[in-house]
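Here's a quick tour of a protein chain, from its overall layout down to a space inside and a patch outside. Have a look at the structure first, then work through the points below.

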Amino acid sequence: MNIKKSLALTRVGIMESLHFRLGTFVTLFGNLTYLVLVYHLWKAIYASSGTNMVNGMTFTDTIIYLILATALFNFLEMFMVWDLSRSIQSGKIILDLLKPMSFRKFMFWNYSGSHVISFVLTFTPTFLIVMWLTHGAIPIGLNLIYFAVSTVLALLVNFNIEMLVATICLYTESTWGINIVKETIVLLLSGATIPLAFFPETLRHIVDMLPFRAVYDVPLTILLRKNGSDTFTGMLTLIAFQMGWAIILTILSNLFWNHSVKKITVNGG
């Protein structure tokens, strides 16, 4: 892989993200509104429970988890389904396939610039604000290094989930419903909407084996040192879980794309 070409795409992505600054600020405002609602919702839940701890998580633990999950969502979010759908409808997909770089690599590095901007403008400030407001409630140590590794693996897992769903665009003209279903499943079963600790035990055991957990719950569990991730073995186990799913989904999405792209139809051609 040519690193210069990849980094060139990253720079283009950064410039494009900075060019549409208003969109970034609108997103931040929307997330702030969402977090205010989440705060009051969970405050009411804990108040009605009559206890300071629910399913092993205090109110502070839950709010920190959900705030960072929202920031991580902004960092990892991709719009591959929409972009691929528009490319097929406009015929631009043909030009993308003719580029001197595989389509999958092109899409991955094309989004890398927006990931950099999201990390700098969204996740980092959110992390620092949470640390300040909670007086250092997030543990600082080797967990930050493992969190960085885990976040990269989460990005790979999320990319391949997106790629699997986006490939369906080659078979159908209707992608809105497919994408909504995908977003709902990923956000719910990854812990981004509700911490997985609040799931019923039977459902939790099932969700723990699915790849969606690797996107949000695992990085946050490592960062906050929860559920056994406060040990070296615990963190390595979670990293291995992510790596395993990253490899499996990469193989599956590659096979699905390579098979499906042969059947592409653009404007009846």
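Going along the sequence, this chain runs α-α-β-β-α-α-α-α-α-α-α-α-α. That comes to eleven helices and two strands. Keep in mind that you're looking at a predicted model.

**The chain as a whole**
- The chain has 269 residues, and 44% of them count as buried.

**The space inside**
- If you search the whole structure for cavities of 30 Å³ or more, you'll find one.
- The largest cavity has a volume of about 50 Å³.
- Eight names are worth finding on screen, since they line the largest cavity: Phe73, Glu77, Asn158, Glu162, Lys182, Glu183, Val186 and Tyr216.
- Sorted by class, that lining has four charged residues, three nonpolar ones and one polar one.
- Two helices, helix 7 (142-167) and helix 8 (176-189), each supply at least two residues of the lining.
- Which helix gives the most to the lining of the largest cavity? That's helix 8, with three residues.

**The patch outside**
- Now turn to the surface, where Ile94, Leu95, Leu97 and Leu98 make a nonpolar patch of about 390 Å².
- Leu98 sits in the loop between helix 5 (92-97) and helix 6 (103-133).
- Is Leu98 buried or exposed? Leu98 counts as exposed because its relative accessible area is 68%, and the cut-off for exposed is over 50%.

Conventions:
Residues are numbered from 1 along each chain as its sequence is written. This is a predicted model: local features need pLDDT of at least 70, side-chain atom pairs count only at pLDDT 80 or more; totals for chains, interfaces and linings use all residues. Side-chain values use heavy atoms; hydrogens and water are left out. On a 1 Å grid over the protein atoms alone, a cavity is a set of points where a 1.4 Å probe fits but cannot get out, and a pocket is an open set with protein on both sides within 12 Å along at least five of seven lines; lining residues have an atom within 4 Å of a point. Grid points are joined across faces, edges and corners, and a volume is the space filled by probe spheres set on the points. Helices (H or I, at least four residues) and strands (E, at least two) are DSSP runs, numbered from the N terminus. Ala, Val, Leu, Ile, Met, Phe, Trp, Tyr, Cys and Pro count as nonpolar, Asp, Glu, Lys and Arg as charged, and the others, Gly among them, as polar. Patches are made of residues with over 30% relative accessible area and no salt bridge: like charges are joined within 9 Å, nonpolar side chains (Val, Leu, Ile, Met, Phe, Trp, Tyr) within 5 Å. Accessible areas come from the Shrake-Rupley method with a 1.4 Å probe; for residues, only the protein chains shown count as cover. A salt bridge is a side-chain nitrogen of Lys or Arg within 4 Å of a carboxyl oxygen of Asp or Glu. Buried means under 20% relative accessible area, exposed over 50%, partly exposed in between (1.4 Å probe, protein chains only).
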